[in-house]
Amino acid sequence: MIDVEDLVALVRNYNPRSNADLIRQAYAYGMQMHDGQWRKSGEPYFTHPVAVAAILTEQNLDDATIVTALLHDTIEDTKSTYTEIERLFGHEVAELVDGVTKLTNLQLSSAQNEQAENFRKLFMAMSRDLRVILVKLADRLHNMRTIKSMKPEKQAQKARETMDIYAPLAGRMGMQWMREELEDLAFKVLNPEARNSIMRRFLTLQRESGDVVHQISADIRVELDREKLDAAVYGRAKKPYSIWRKMQEKDLAFSSLSDIYGFRVICASVADCYRILGVIHQRWRAVPGRFKDYISQPKGNGYRSIHTTVSGRDGKRVEVQIRTRDMHEVAEAGVAAHWSYREGVRARNPFAVDPSKWISTLTERFFEGDQDESEFLENVKLEMYSDQVFCFTPKGDVIQLPRGATPLDYAYAIHTRIGNSCVSAKVDGIRVPLWTRLKNGQSVEIITAEGQRPQSSWIDIVTTGRAKAAIRRSLREEDRSRFVKLGQELARAAFDHVGRKASDKALRTAAKMLGLADEDDLLARLGSAELTARKVLETLYPELQTEKADEIDVQRSIIGLGADQTFKRALCCQPVPGERIVGITYPGRGVIVHGIDCRALEELEEQPARWVDLHWQPGRHPAAYGVTLELAISNDAGVLGRVCGVVGDQKANISDLKFTERKPDFYRLLIDVELRDVEHLHMVMTALEAETDVAQVSRVRNVTLKP
């Protein structure tokens, strides 16, 4: 464990004016609070907070962050309290420690809806003080470095969480070195054979070719000295996970990979960066399409550098990054560079991003619109886990987008109104389809038209969360308008049937009695089948309710048929009482009754003369309407009997049962169940879903079946 004076010395190396007594006090307090606690490795627990603090000194962070690292587990794991931390170390440290404690309790790899809510809390914590996340990332890094002492299943869970959440978050914050180390440590746990294979190939390559990194670094050094350019050259082989990911993405063997080495040239000025680029391109041939200028087009987290790939010694491709010392500091620390100290004062790095502006931009994109959990989670991952491309507006402004973005994403990045009314686009003056993937440096012009509305197919075209959220919002509004119109027709028909009028006042009264916002909300729910017209009528006119004891004759269960018309339920959708229905006439066969949402109706849209407006008789129906359910159940003794018992307990009858798939661990089967109505169907499915040995329950609807 690092001694307190060694830790103080690490801080004073970059901040001679550091409050050493405060750090000593926090060290002593943390050691006292964690006394008697041990890590899985057998070490005293306090070795962990000290190691986290040491990691943060590598970022040249302020005293409050270092003290927070020493105390970050005290509130959660000891008898220490927020009040005591605030009394001893001040309000700022207490808030930071409390923030880290709350983050520790977030289960970011939990179920989707919980994970989305926890991500919201994560970004809210980030918006209050980004240093909370810096401590948490350092905490995760040390835990991953010492993960071997955990049980294998715990290692796998932590490694997957690190790969999915913490490593991309570090990358999004510009801390690329931490992202790479976190990914590689997780890779070591999740796929040790693949990592070992890459390491062995590196050793073989080194034996065959010698120290390639040293050789190429020397070659670059010679060229820079010849031009009298003062710069430092660093080279390294890329991390095993970075190589593995490239092999998977491009479906390449290790021997086919070329740019497995990376080099950095750190110089004094921006002018020198471009001079060095010229020297390198004169000496070695540049690889087409592998040049990025992040100096003129910085990333959102402040990252600036020139990237170029050249064919170096023996034809080996190498990536060279060229940047100034200030740019390098931001490249290493990312957004954390805002808090860096140098010579005892806060370093005013001209390229460091203001964390408050950065996080507000990030959260603005994540929290746009009324997204549900799945949409929010999708948007977070789209924004966090993607590289960037930079495109120009016709006026020369830069629009930053994730890799794989399309002109539609670009349009929505400018303004939602531009995206919604987009009809086509020009890229570099040439008209292109809206699904075209944009590349760095392209100029994009969006062509709009009045009356244009987003199409449902656009969801599959765009890649940004902002665009997806805007499109879904527009489609929902459009659907609502359509549902309101449909609801008006349904209400009119239902009220006419009982000799009443569906007046605005009647609908407003029904909406109020049902706890809805207004009559439009009621009509929208009617149109979307969330509410039945019968329910509205019975709410307004209780005298219309049918006695529960009366059961409807199956042969007379449909209203709307002619005197001489017979009917059958469609096999494709198997409608049951309570669902909205429509009839289709077939010569010689009578009327086939479909659910209103049956996909088989799409083929009949151009034949309106065959459609018959139908609805179910109000009242209690017998359990005589067959519905097919598909189940996946455990392959254990007695499970099938329990499933049948569950169905019977719900007063439903199984009329047929067929196994469709038999595996060592599970069976998949189809069961035909006779039900009263849609409510009875939901009761049966809910009861089956609650059964421990039932993995999946779904209603079968097969549009390929003939009516």
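Hi everyone, let me start with contacts: among those in the protein chain with a separation of 6 or more, 66% are between residues 24 or more positions apart. Please keep in mind that this is a predicted model.

Here is the overall picture. The chain has 707 residues, and 48% of them are buried. Its secondary structure consists of 27 helices and 22 strands. The accessible surface comes to about 34800 Å², with 48% of that belonging to carbon and sulfur atoms.

Now let's look at two helices, beginning with helix 3. This one covers residues 47–57, and 11 of its 11 residues are buried. You can follow them on the screen: Thr 47, His 48, Pro 49, Val 50, Ala 51, Val 52, Ala 53, Ala 54, Ile 55, Leu 56 and Thr 57. What covers helix 3? The cover includes helix 1 (4–14) and helix 2 (20–33), together with helix 4 (63–71), helix 9 (131–145) and helix 11 (176–190). A little background may help when you look at any helix. An α-helix has 3.6 residues a turn, so residues three or four places apart point the same way.

Our other helix is helix 24, residues 519–527. Because 7 of its 9 residues are buried, helix 24 is largely enclosed by the rest of the structure. Which residues of helix 24 are buried? They are Glu 519, Asp 521, Leu 522, Leu 523, Ala 524, Leu 526 and Gly 527. Those buried residues pack against helix 22, helix 23 (504–513) and helix 25.

Two of those neighbours, helix 22 and helix 25, come back in the next stop, the second largest pocket. First, an idea about how such spaces are found. Rolling a probe the size of a water molecule over the atoms shows where empty space is left. The second largest pocket has a volume of about 1400 Å³. It is lined by 44 residues, and the closest to its centre are Thr 532, Ala 533, Arg 534, Gly 578 and Trp 616. The elements that give two or more residues to this lining are helix 22 (465–497), helix 25 (533–540), strand 15 (581–586), strand 18 (615–616) and helix 27 (678–690). Which of them gives the most? That is helix 22, with 7 residues.

Next, the aromatic rings. The structure holds 7 aromatic pairs. One of them joins Phe 659 and Tyr 667 edge-to-face, at 5.3 Å centre to centre and with 80° between the planes. Is Phe 659 buried or partly exposed? With a relative accessible area of 25%, Phe 659 is partly exposed. Tyr 667 has another partner, since Arg 662 lies over its face at 5.5 Å from the ring centre. Elsewhere, the charged end of Arg 610 sits over the ring of Tyr 586, 4.7 Å from its centre. There is also a cluster, in which ring pairs link Phe 187, Tyr 241 and Trp 244.

To finish, let's visit some loops. Trp 284 is in the loop between helix 15 (270–283) and strand 3 (285–293). Trp 284 counts as buried because its relative accessible area is 8%, and the cut-off for buried is under 20%. Who is its partner in space? Val 310 is 26 residues away from Trp 284 in sequence, yet their C-alpha atoms are 6.0 Å apart.

Pro 664 makes a nice contrast. Its loop runs between strand 20 and strand 21 (666–675), and Pro 664 is exposed, with a relative accessible area of 76%. Pro 664 also has a partner from elsewhere in the sequence: Asn 635 is 29 residues apart from it, with the C-alpha atoms 6.8 Å apart in space.

The last two residues are here for their backbone angles. Asp 428 is not a glycine, yet its phi is positive, near 55°. Find Asp 428 in the loop between strand 10 (422–427) and strand 11 (430–432), where it is partly exposed at 47% relative accessible area. Lys 651 also has a positive phi, about 60°, although it is not a glycine either. Look for Lys 651 in the loop between helix 26 (639–649) and strand 20 (653–662). Why does Lys 651 count as exposed? Because its relative accessibility is 64%, and exposed means over 50%.

That's my tour, and thanks for listening!

Notes:
Residues numbered from 1 in each chain as written. Predicted model: local features only at pLDDT ≥ 70, side-chain atom pairs only at ≥ 80, totals over all residues. Heavy atoms only, no water. Helix = DSSP H or I, 4+ residues; strand = E, 2+ residues; numbered from the N terminus. Buried < 20%, exposed > 50% of the residue type's maximum accessible area, 1.4 Å probe, protein only. Contact = heavy atoms within 4.5 Å. Areas by Shrake-Rupley, 256 points an atom, 1.4 Å probe, with all protein chains shown as cover. Phe/Tyr/Trp six-rings, centres within 6.5 Å; stacked < 30°, edge-to-face > 60°. Lys NZ or Arg CZ within 6 Å of the ring centre and 35° of its normal. 1 Å grid on protein atoms, 1.4 Å probe; cavity = no way out; pocket = protein on both sides within 12 Å on 5 of 7 lines; lining within 4 Å. Points joined across faces, edges and corners; volume = space filled by probe spheres on them.
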